[in-house]
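Visitor: Hi, can we walk through this one together?
Guide: Sure, here it comes.

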Amino acid sequence: MNGRTSLRLRLLLGTLVWILGSIGLTGWLLNGLFSEHLGRQFHAELQTHLDQLAANLEIDANGRTVLSRPLSDPRLARPYSGLYWQVDRLGEAGQPAVPAVLRSRSLWDQALAVPDDHPADGEVHQHAVSGPNGTPLLMIERLLRPLDPPGPAVRLIVAADEALLGEPLQRFRGMLLTALGLLAAGLAGAAVVQVRSGLRPLNRLREELTQLRDGRRATLDGRYPAEVQPVVDELNTVLARNAEFVERARSQAGNLAHAVKTPLSVMANAAAGESGPLAELVGSQVVLARQQIDHHLARARAAAAAQLSGRRCRLRPAVDGLLRVLQRLCAERDVELTVGQCPDDLVFRGEAQDLQEMLGNLLDNAGKWASRRIVVDAEQTAGELRIDVDDDGPGIATGQRAELLQRGRRGDERVPGSGLGLAIVDDLARLYGGRLELLDAPLGGLRARLWLPAGRDGDGTTDTPAP
Amino acid sequence: MRLLVVEDEPTLCAQLCRSLEAAGYAVDAAGNGRDAEHLGREEPFDAVVLDLGLPLVDGLTVLKRWRAAGRNMPVLILTARGDWHERVAGIDAGADDYLVKPFHMEELQARLRALIRRAGGQAANELNCGPLTLDTRSARAHVDGQPLVLTSHEFRVLAYLLHRRDQVVSRSELSEHIYAHDSDRDSNTIEVFVGRLRKKLPADMIETVRGLGYRLRAPA
């Protein structure tokens with residue numbers, strides 16, 4: 001499938017890019033918001049612990065820093081729990097600072113090293129430091145200077161393992177990824193279904209157009225969505241106009257031919273009543289003119305028929321009708337016309353009139369040459385109709401057969417006729433993708449074998465020739 | 001034998017009439033479908049030559065109406081339309097033969113003879129009655145091999161009687177079949193033609209059936 005020309009691929013790619021883009025952006029935003037929220041919550045919790053530490057801190061009578069009561073969070077009592085506090089006494093007037101004068105039980109024997117950045121009194125600083133066992137900690141500190149009694153400043157430190165912050169974030173990301181992944185998969189699936197169902201009418205249209213091209217239907221007659229129906233209607237209009245033009249051209253060609261034939265008859269009859277070279281010339285030219293008219297009329301008909309799609313007709317009624325005609329035309333001669341095998345359900349994929357023209361010419365030819373018998377046989381083999389018209393006449397020599405199928409050639413001058421019959425049949429059959437073969441008939445004469453495209457009953461316009 | 005020629009092209013119509021009259025037929029002509037339909041319904045023709053593309057009413061409709069009205073004279077369609085589906089339509093409408101223009105007059109005449117002969121139940125081109133033979137192809141009659149010299153009216157009377165050999169034919173029927181529609185019909189002239197024929201034929205071949213008409217039969 002070519003990406004530039006495939007509507008389905010374009011729609012799918014467009015939808016998928018859009019879905020993935022918006023879901024990615026949503027994920028990034030949600031992750032950022034949640035991460036920020038967690039950070040703020042973490043900081044607030046540390047601040048609460050710091051406030052509690054500050055509130056519980058006392059300087060006893062000996063000037064020692066003590067905690068009036070333990071901090072409430074049980075994690076502070078569990079060693080290396082990840083939540084720690086520590087109180088440093090800052091050195092004053094040449095006295096060295098004493099780190100960790102007080103610390104949470106969770107720190108056990110460890111002390112937190114704090115970068116000395118001299119925060120102002122009451123100011124809260126935040127640092128990332130390394131805690132017990134090298135665990136990364138997030139820490140806040142604040143200086144407190146006791147006023148009553150005045151003493152050296154103390155640094156209150158509260159720290160928590162960054163894992164306490166990272167773990168819920170990690171869990172949230174996992175859930176977010178799963179949820180967004182599922183959403184993306186669902187949306188992509190929906191897009192595929194939507195594109196498929198949206199384009200289904202186009203597939204149907206393509207199928208109908210294929211049938212149209214193959215001659216299996218004459219118009220597009222499915223019902224289509226409002227967006228496609230106008231195109232289908234326009235196409236049908238074009239098809240109908242095309243058929244109308246073809247029909248008009250054909251009938252004009254026919255009218256012209258017929259209009260010319262009556263004056264030709266007058267000329268031929270007038271010439272027949274006279275003798276001399278002029279009369280002979282007129283007589284022979286009239287014959288030629290008739291041959292030309294018949295030939296070109298047949299070709300015009302066939303060319304028109306090849307343009308028209310979707311025509312169908314049953315074989316058997318055409319054969320029966322022609323046999324009725326031939327029985328009349330051969331009434332003077334004792335010729336027996338029989339139909340051997342010719343199932344009723346055989347269908348020719350083409351115009352009924354053209355089928356009658358081809359079979360009529362073959363039967364006419366057989367009628368001219370047969371001594372006593374003409375047999376018509378037909379069957380369908382692999383999408384083709386095989387129709388045999390056999391006679392028990394003199395037949396045609398193998399070498400002459402190809403010549404006979406050429407325009408205007410006559411196999412024998414003894415029997416009247418334009419001599420074009422077989423050539424016209426071959427022409428017509430070829431325009432339908434079929435052919436005419438001249439073979440030896442089992443009856444002893446000629447077997448004219450006609451191959452034509454077979455149709456299925458009911459898959460197009462079936463017009464049945466006059467019963 | 002009386003024919004109807006239905007053809008709207010005047011020159012061709014005249015040619016047909018001339019040629020068929022020369023062959024011994026009494027010929028009526030119609031140039032449009034309405035006249036043709038009327039004539040075919042009212043007059044007893046022995047055969048009809050019918051064009052299909054006619055003014056007012058087309059030939060196929062005319063033919064169907066004749067057949068619906070029970071008129072069963074043989075009809076030969078003579079048309080420029082030679083497509084096989086048109087031939088099927090013509091034969092199915094009740095035509096007995098179909099000839100496509102341009103045509104040979106000889107072929108038309110041969111087919112007409114065959115139609116008339118078959119309509120009269122005759123199988124061969126030669127009609128016989130005792131020593132009398134009439135070749136419908138050459139329009140010649142012989143008695144014991146000797147040619148008979150006949151006028152066109154005598155020929156028509158003899159041919160009609162021969163087609164209805166051993167049947168009683170009334171004077172009016174004879175007159176209807178040997179005269180065209182627009183000619184002066186005088187049934188007394190029939191007596192004159194029969195009288196002349198009797199002189200040329202062996203005795204008692206044309207019998208007068210009192211009050212009914214004439215009967216042609218082989219001499220005893």
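Guide: One bit of vocabulary before we start: a helix axis here is a line fitted to the C-alpha atoms over the stretch in contact, and angles run from 0 to 180 degrees between N-to-C directions. And keep in mind that this is a predicted model.
Visitor: OK. At what angle do H5 of chain A and H4 of chain B pack?
Guide: About 70 degrees, with the axes 9 Å apart; H5 covers residues 315-329 of chain A, and H4 covers residues 84-92 of chain B. Angles of 65 to 115 degrees count as roughly perpendicular, so H5(A) is roughly perpendicular to H4(B).
Visitor: Left-handed or right-handed crossing?
Guide: Left-handed, as H5(A) passes H4(B).
Visitor: Which residues make the contact?
Guide: From H5(A) you have A:Gly321, A:Leu322, A:Arg324, A:Val325 and A:Arg328. H4(B) brings B:Trp84, B:Arg87, B:Val88, B:Ile91 and B:Asp92. By class, that contact has five nonpolar, four charged and one polar residue.
Visitor: Switching topic: how many helices and strands in chain B?
Guide: Chain B has eight helices and twelve strands. Of its 220 residues, 45% are buried.
Visitor: And which residues touch the most other members of the largest nonpolar core?
Guide: B:Leu3, B:Val5, B:Val48, B:Leu50 and B:Leu76, in a core of 117 residues. Helix H6 of chain A (residues 352-369) gives the most to this core, with eight residues.
Visitor: What is B:Val5 in contact with?
Guide: Leaving aside neighbours within four places in sequence, B:Val5 contacts B:Cys13, B:Leu16, B:Cys17, B:Leu20, B:Val27, B:Ala29 and B:Val49. Another core, of 19 residues, lies apart from the largest one and includes A:Tyr84 and A:Trp85.

Notes: Residues numbered from 1 in each chain as written. Chains lettered and ligands numbered in written order. Predicted model: local features only at pLDDT ≥ 70, side-chain atom pairs only at ≥ 80, totals over all residues. Helix = DSSP H or I, 4+ residues; strand = E, 2+ residues; numbered from the N terminus. Parallel < 35°, antiparallel > 145°, perpendicular 65-115°, else oblique. Left-handed = near helix turned anticlockwise from the far one by under 90°. Contact = placed C-beta atoms within 7 Å. Nonpolar A, V, L, I, M, F, W, Y, C, P; charged D, E, K, R; others polar. Buried ≥ 20, exposed ≤ 12 C-beta atoms within 10 Å, placed from the backbone. Core = buried A, V, L, I, M, F, W, Y, C linked by C-beta atoms within 7 Å.
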